[in-house]
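Colleague: I'm new to reading structures, and I'd love a close look at one part of this one. Please pick a spot, take me through it slowly, and then show me how to read a few other places in the same way.

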Amino acid sequence: MKPRPARRGPRRAGERMTSVIRARLTYGTTPAPTCPVRLGRMKGNALELRAVTKTYGPITALGGVDLDVGRGETVAVLGPNGAGKSTLLSIALGLRAPASGTARVLGRPPAEALRAGRVGVLPQESGLLEDVRVGELVAAVAGMYPDPPPPERALRAAGIEELARRPVGRLSGGQRQRVRFALCVAGDPELLVLDEPTVGLDVEGRRALWREIRTRTGQGRTAVFATHYLTEADDYADRIVLLAGGRVVADGSVAELKSLVGGDEVRCVLEHADPAELELLPGVRHVSVEGRAVRLRTGDPDATLRALFRGYDDVKDVRIEGVDLESAFVSLTGRRSR
Amino acid sequence: MRSYLRLELVRGLRNPVGLVMLTFFPLGLYLLWTKVLDVVPRGQMDDFAAYSMVSMATYGAMGGALFIGGAIAMERSKGWLGQLAVTPLPAHGYVTAKLVSGAVTVLPSIVVVLGAGALLSGVRLPAGTWPVLVVLIWAGVLPFAALGVAFGYTLKGQVANLAMMIVYFAMSVLGGLWLPVQAMPAGMRALAELSPAYQAGSLGWRALDGLPPTGTSLTVLAAWTLLFCALAVWRYRRAL
């Protein structure tokens with residue numbers, strides 16, 4: 001992250017955040033090749049969106065999105081409900097046409113890449129045929145891809161080998177989600193696009209699914225997923241694209257996103273705390289006081305702590321916490337994740 | 001594409017509801033008329049057994065063709081088409097697989113009723129006529145397959161099935177598949193002769209006497225097929 005500019009005296013909390021976001025917005029819309037996030041590129045991008053907009057009547061679902069996903073990356077698309085995540089993914093898949101702008105997948109128009117069997121998708125809402133066996137369904141979808149692996153591999157990846165002979169109509173919700181994942185990877189495609197892939201799965205199921213996805217990205221496959229579970233983005237994504245109001249408000253690694261919001265948080269208990277005074281401590285970007293509980297968001301926790309102990313004799317219960325993704329999400333989108 | 005066609009064929013051939021509706025129902029009606037009820041005077045029984053055999057085989061095949069659309073409507077409303085849209089299967093691949101598997105699954109309803117005619121109701125025809133009957137009845141219900149697809153891409157779920165059931169029965173009755181058009185008043189009969197179901201039936205009825213289809217039959221069927229195909233293509237494009 002950029003070094004923090006010198007203190008400029010007290011100001012309102014929102015102010016600084018806006019300017020930070022704006023800086024990142026610029027980054028989001030004009031990709032800088034020198035940016036540390038853009039590592040691990042192979043020839044050509046897995047996914048490219050250029051100035052993509054989409055409107056539904058008077059509603060702007062996407063207001064000019066630029067996005068490059070390099071091959072081998074695992075990218076999480078996050079955002080509050082209605083931020084445009086599903087619209088973005090459906091344009092990236094060629095299921096919907098953008099109002100303006102272009103989308104390319106693996107160097108060609110998305111619909112073409114899909115038809116050529118280069119992409120595997122787990123859509124957010126989709127049905128399955130009820131009157132066929134799980135194995136039959138997976139085999140039929142695998143057979144649509146060029147040179148597919150044996151369907152048993154997808155069944156194993158989804159942890160449903162033992163359900164192969166069960167009719168789809170008799171599966172539970174979680175089992176159905178596993179079938180949908182098996183369909184997504186049935187053709188062992190180069191790009192995986194997953195919209196809320198772990199909905200309805202138990203903890204073990206989630207872990208297994210992510211293990212499979214990571215195995216594939218480890219082999220050079222690319223994964224783009226939308227999720228509501230911030231911990232999943234935190235644990236499994238190399239990079240997070242944060243959408244709000246149809247725009248990319250932040251784009252970077254998990255660590256970058258967290259530091260964007262203010263690195264660390266110093267928490268302490270202080271009698272008669274004066275927020276305006278605390279704001280003047282070195283490194284502090286944002287102060288919140290609730291009764292005696294004080295939270296100082298700081299870019300330089302060492303300097304903040306030193307000054308805190310020097311200036312306030314009665315300070316106690318001092319702790320440092322890293323900013324979690326949840327706070328980053330809330331600060332950057334202005335909304336709660338759920 | 002081929003793997004999906006295989007799946008559709010498997011589904012079509014082991015679908016118990018379809019089998020009962022489209023094979024055993026016409027078969028039951030046929031046996032009721034020729035073996036149980038006293039519908040026609042003794043001397044005309046042979047003619048009637050052959051005539052209604054064609055009627056019921058056509059009726060069953062027509063249902064099979066129409067209800068291709070019922071399955072489409074159902075799968076559309078259940079979201080299966082949403083899932084297929086993100087596979088490499090091209091959009092026309094689905095409807096093609098449906099039509100091909102539909103074309104195969106109507107065969108049992110034709111063969112079973114013809115078999116009952118030959119084995120149970122004493123219908124005797126020259127050996128060459130039987131395969132001709134199968135082919136003519138099969139080809140005669142083509143317009144209904146197109147109509148079914150149009151329905152399938154217009155309505156969703158059970159509404160489509162209900163609407164198609166009404167159309168199915170109305171067309172069967174008007175087309176003289178249940179009761180011969182000879183029993184209809186003049187106005188209704190004129191209308192019947194313009195209907196696709198009657199012309200589909202008449203292909204088979206004439207074949208019983210060794211006669212080829214009339215030009216009128218072919219023209220009327222071709223016109224309905226074109227019309228329903230245009231409708232189906234329009235609805236299909238709208239639904240994508």
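Modeller: Sure! Let's begin with some scenery: buried residues make up 51% of the 338 residues in chain A. Keep in mind that what you're looking at is a predicted model. Chain A has 12 helices and 13 strands. If you take its contacts with a separation of 6 or more, 68% of them come from residues 24 or more positions apart.

The part I'd like to zoom in on is in the other chain, though: helix 8 of chain B, residues 142–152. How many of its residues are buried? The count is 10 of the 11, so this helix is largely enclosed by the rest of the structure. "Buried" here means under 20% relative accessible area. If you want to find the buried ones on screen, go along B:P143, B:F144, B:A145, B:A146 and B:L147, then carry on through B:G148, B:V149, B:A150, B:F151 and B:G152.

Next, who are the neighbours? Take helix 4 of chain B, residues 68–77. The axes of helix 4 and helix 8 of chain B come within 7 Å and cross at roughly 20°. An angle under 35 degrees counts as roughly parallel, and helix 4 and helix 8 of chain B are therefore described as roughly parallel to each other. Their crossing is right-handed. Which residues do the touching? On the helix 4 side of chain B you'll find B:I68, B:G69, B:I72, B:A73 and B:R76, and on the helix 8 side of chain B they meet B:A145, B:G148, B:V149 and B:G152. Sorted by class, this contact between helix 4 and helix 8 of chain B has five nonpolar, three polar and one charged residues. Here's a handy bit of background for reading lists like that: an α-helix has 3.6 residues a turn, so residues three or four places apart point the same way.

There's another neighbour, helix 7 of chain B, residues 129–140. Helix 7 packs against helix 8 of chain B at an angle of about 30°, with the axes 4 Å apart. Helix 7 and helix 8 of chain B are therefore roughly parallel to each other as well. In this contact, B:W138, B:A139 and B:G140 from helix 7 of chain B meet B:L142, B:P143 and B:F144 from helix 8 of chain B. By class, that contact of helix 7 with helix 8 of chain B has five nonpolar, one polar and no charged residues.

Now for some rings. Over all chains, the structure holds 16 aromatic pairs. One of them joins B:Y59 and B:W178, which sit edge-to-face, 5.4 Å centre to centre with 90° between the planes. This pair ties together distant parts of the chain: B:Y59 is in helix 3 (residues 45–66) of chain B, while B:W178 is in the loop between helix 9 (157–174) and helix 10 (186–193) of chain B, 119 residues apart. Are the partners buried or exposed? B:Y59 is buried, at 1% relative accessible area, whereas B:W178 counts as partly exposed at 23%. They also belong to a wider cluster, in which ring pairs link B:F25, B:W33, B:Y59, B:F67, B:Y168, B:F169 and B:W178.

One more stop in chain B: B:S101, in helix 6 (residues 91–119). B:S101 is buried, with a relative accessibility of 6%. Sequence can fool you here: B:S101 and B:V10 are 91 residues apart in sequence, yet 8.6 Å apart in space, C-alpha to C-alpha. Leaving out residues up to four places away in sequence, B:S101 touches B:L5, B:E8 and B:L9.

Try the same reading on A:L305, in helix 11 (residues 301–311) of chain A. A:L305 is buried, at 16% relative accessible area. A:L305 and A:G127 are 178 residues apart in sequence and 55 Å apart in space, C-alpha to C-alpha. Beyond neighbours within four places in sequence, A:L305 is in contact with A:V266, A:V318 and A:I320.

Last, a peek at the backbone. Most residues other than glycine have a negative phi. A:D188 isn't a glycine, but has a positive phi of about 45°. You'll find A:D188 in the loop between helix 6 (173–185) and strand 6 (191–195) of chain A, partly exposed at 25%. A:H272, also not a glycine, has a positive phi of about 50°. A:H272 lies in the loop between strand 10 (264–269) and helix 10 (275–278) of chain A, and counts as exposed at 79% relative accessibility.

Technical notes:
Residues numbered from 1 in each chain as written. Chains lettered and ligands numbered in written order. Predicted model: local features only at pLDDT ≥ 70, side-chain atom pairs only at ≥ 80, totals over all residues. Heavy atoms only, no water. Axes fitted to C-alpha atoms, helices over the stretch in contact; angles between N-to-C directions. Helix = DSSP H or I, 4+ residues; strand = E, 2+ residues; numbered from the N terminus. Parallel < 35°, antiparallel > 145°, perpendicular 65-115°, else oblique. Left-handed = near helix turned anticlockwise from the far one by under 90°. Contact = heavy atoms within 4.5 Å. Nonpolar A, V, L, I, M, F, W, Y, C, P; charged D, E, K, R; others polar. Phe/Tyr/Trp six-rings, centres within 6.5 Å; stacked < 30°, edge-to-face > 60°. Buried < 20%, exposed > 50% of the residue type's maximum accessible area, 1.4 Å probe, protein only.
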